[in-house]
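Biologist: I've got a new model open and I'd like to learn how to read it feature by feature. Where should we begin?

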Amino acid sequence: MRGGDHGDLEQAAIIRDRDLALELLGAQPTNRRIAALSHSVLAREPTFTGTYLILALHHQARGDLDDARKALRELIGLQDGYQLTALRILRDLEYEDRRFDEALRLAEQVMAGGADVGWLDLMMLGAATVYTGSRTAGWDLMDEAVAWTGEVDPDLIPTVLTKRALLFLTTGAPPERYRPAAEAAIAVNPSETLLSTALGYAYLFDYRAADARDLFQRVLREDPTDVVAQSGMIMARGFLDPIERGDTTMDQLREAGMGEMMWRMMHEQIFDLDIAHALAALSRVLPRALVRVLRGPLRRKKLESTEGNGELLGWHDGQDPGTGGAWGLDEAVRLLSSAEIDALVAKAQQPGAWPAWPEEEVFVPIATDDAGAYYFQGYAERLYLRRPGVPDAEIAPSLADWLWDRVVDFGGAEPRPGRMPRS
């Protein structure tokens with residue numbers, strides 16, 4: 001066999017191995033043969049640098065993120081035609097892994113790519129900017145991506161509007177910013193049920209309950225099993241039915257903060273941020289000093305009769321008096337037991353008692369500093385601190401939010417949209 005023929009056969013074998021690795025990546029991305037084939041190709045033909053992308057995506061699919069980073073950085077270092085693609089994949093990997101400082105650095109490198117930079121690159125720069133401390137600036141960049149697309153490629157506008165609305169939702173944009181973005185996206189793509197459902201909650205936030213009801217009805221016609229939309233419909237009727245009966249007014253619902261509470265509950269459902277998920281995450285990171293002073297869970301029968309938060313008491317029925325320092329906060333605070341909560345609620349309703357809550361005020365005691373101050377769920381289910389003789393102070397937007405703060409304090413992951421993980 002002539003040397004040239006042998007070389008041609010070897011080249012053909014290398015190409016077959018690369019193509020097989022690519023085919024496996026599409027069909028079975030976690031198949032271990034992909035790595036073996038990719039390394040073999042690169043060992044025999046280092047100029048086939050695109051194989052690094054196959055290798056990186058395989059490692060990412062397997063959850064081997066450090067190996068994926070290594071392959072992508074090797075490709076970036078070669079500074080060939082795949083560099084920009086590798087930068088984008090690494091940027092998105094870091095963003096999904098919530099390493100937002102690194103994602104921002106890579107997003108800025110991508111934006112230096114000249115004519116090859118696209119609208120999605122600007123969107124991702126905006127998303128990383130939100131998480132690294134400048135929320136409004138990040139959302140402004142996403143708006144710029146829409147405007148830029150309208151100038152250079154109007155046919156892509158439906159896709160870009162949808163992406164912006166999804167990023168607004170997943171980065172924790174407030175309802176007043178999310179609402180017009182979602183309306184624009186749904187106008188060109190009505191099939192986006194997640195955006196429609198979240199828009200319904202934005203209408204509830206604005207006390208446009210009839211608009212919310214109509215939107216939830218449309219979503220449920222397309223998918224009657226949509227749990228979040230089902231909840232939204234129940235909440236919309238919770239606004240409208242009492243008004244129709246003459247039992248309340250929209251102004252009274254607004255004074256009670258119902259719209260704000262609905263918007264927060266939507267986020268908790270979509271992103272698994274409710275009290276139950278927070279307590280499950282907290283259980284995984286509790287320090288031993290705190291575990292030792294927490295009491296066992298309250299039994300189901302007693303849960304039905306207590307005045308306290310059932311989910312919290314079903315997790316632990318308070319903690320021992322004088323052990324508030326175990327939370328590691330600036331001020332010692334301990335969870336109240338069901339018996340203490342019931343006694344406090346009964347006492348608070350007596351004339352001249354402190355703390356004295358009006359009958360119509362929402363009042364769910366949560367914790368105490370054992371020196372006369374109390375944490376309680378109040379207006380719109382926010383968490384407040386009440387001390388004698390001073391105005392109430394808001395501690396957290398909700399009990400769930402306070403619990404997630406404790407998860408993060410103890411080294412757990414930060415799951416909340418728009419929140420930067422603590423270093």
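Modeller: Let's start with the core, keeping in mind that this is a predicted model. The general idea is that nonpolar side chains tend to be buried together in soluble globular proteins. Here the largest nonpolar core has 58 residues, and those with the most contacts inside it are Y178, Y201 and L204. Helix α7 (residues 119–131) gives the largest share of this core, nine residues.

Biologist: Which residues does L204 touch, once its neighbours within four places in sequence are left aside?

Modeller: L204 is in contact with A209, A212, F216, G232, M235, A236, F239, G259 and M262. There's also a second, separate core of 30 residues, with A281, W327, V364 and I366 among its members.

Biologist: And how do I get a feel for the whole chain?

Modeller: Check the overall numbers. The protein has 21 helices and five strands. Its C-alpha atoms fill a box of roughly 105 × 50 × 35 Å along the principal axes. Of its 423 residues, 47% count as buried. As for contacts with a separation of 6 or more, 52% come from residues 24 or more positions apart.

Biologist: Now helix packing. At what angle do α10 and α11 pack?

Modeller: Look at the angle, the axis distance and then the residues that touch. Helix α10 (residues 175–188) packs against helix α11 (residues 193–205) at about 140°, and their axes are 9 Å apart. Roughly antiparallel needs an angle over 145 degrees, so α10 counts as oblique to α11. The crossing of α10 and α11 is left-handed.

Biologist: Which residues of α10 and α11 meet?

Modeller: On the α10 side they are P175, E176, Y178, R179, A182, E183, A185 and I186, and they meet L194, L195, S196, A198, L199, A202, Y203 and F205 in α11. Sorted by class, the contact of α10 with α11 has 12 nonpolar, one polar and three charged residues.

Biologist: How do α2 and α3 cross?

Modeller: Run through the list again. The axes of helix α2 (residues 33–44) and helix α3 (residues 51–62) come within 9 Å and cross at roughly 155°. That angle makes α2 roughly antiparallel to α3. The crossing of α2 and α3 is left-handed. I34, A35, S38, H39, V41 and L42 of α2 make the contact with T51, Y52, I54, L55 and H58 of α3. By class, the contact of α2 with α3 has seven nonpolar, four polar and no charged residues.

Biologist: What about backbone oddities?

Modeller: Scan for positive phi in residues other than glycine. D272 is one case, with phi near 55°, and D272 sits in the loop between α15 (258–270) and α16 (275–285). A380 has a positive phi of about 55° too, although it is not a glycine. The place of A380 is the loop between β3 (374–377) and β4 (383–386).

Biologist: Is A380 buried or exposed, and why does D272 count as partly exposed?

Modeller: A380 has 4% relative accessibility, so it counts as buried. D272 is at 40% relative accessibility, so D272 counts as partly exposed.

Biologist: One more, a serine. Where is S338?

Modeller: S338 is in helix α20 (residues 338–348). Its relative accessibility is 9%, so S338 counts as buried. Leaving aside neighbours within four places in sequence, S338 is in contact with L298, T306, L313 and D317.

Notes. Residues are numbered from 1 along each chain as its sequence is written. This is a predicted model: local features need pLDDT of at least 70, side-chain atom pairs count only at pLDDT 80 or more; totals for chains, interfaces and linings use all residues. Side-chain values use heavy atoms; hydrogens and water are left out. Axes are lines fitted to C-alpha atoms, for helices over the stretch in contact, and angles run from 0 to 180 degrees between N-to-C directions. Helices (H or I, at least four residues) and strands (E, at least two) are DSSP runs, numbered from the N terminus. Angles under 35 degrees count as roughly parallel, over 145 as roughly antiparallel, 65 to 115 as roughly perpendicular and the rest as oblique. A crossing is left-handed if the near helix is turned anticlockwise from the far one by less than a right angle, and right-handed if clockwise. Contact means heavy atoms within 4.5 Å. Ala, Val, Leu, Ile, Met, Phe, Trp, Tyr, Cys and Pro count as nonpolar, Asp, Glu, Lys and Arg as charged, and the others, Gly among them, as polar. A nonpolar core is a set of buried Ala, Val, Leu, Ile, Met, Phe, Trp, Tyr and Cys residues joined through side-chain atoms within 4.5 Å. Buried means under 20% relative accessible area, exposed over 50%, partly exposed in between (1.4 Å probe, protein chains only).
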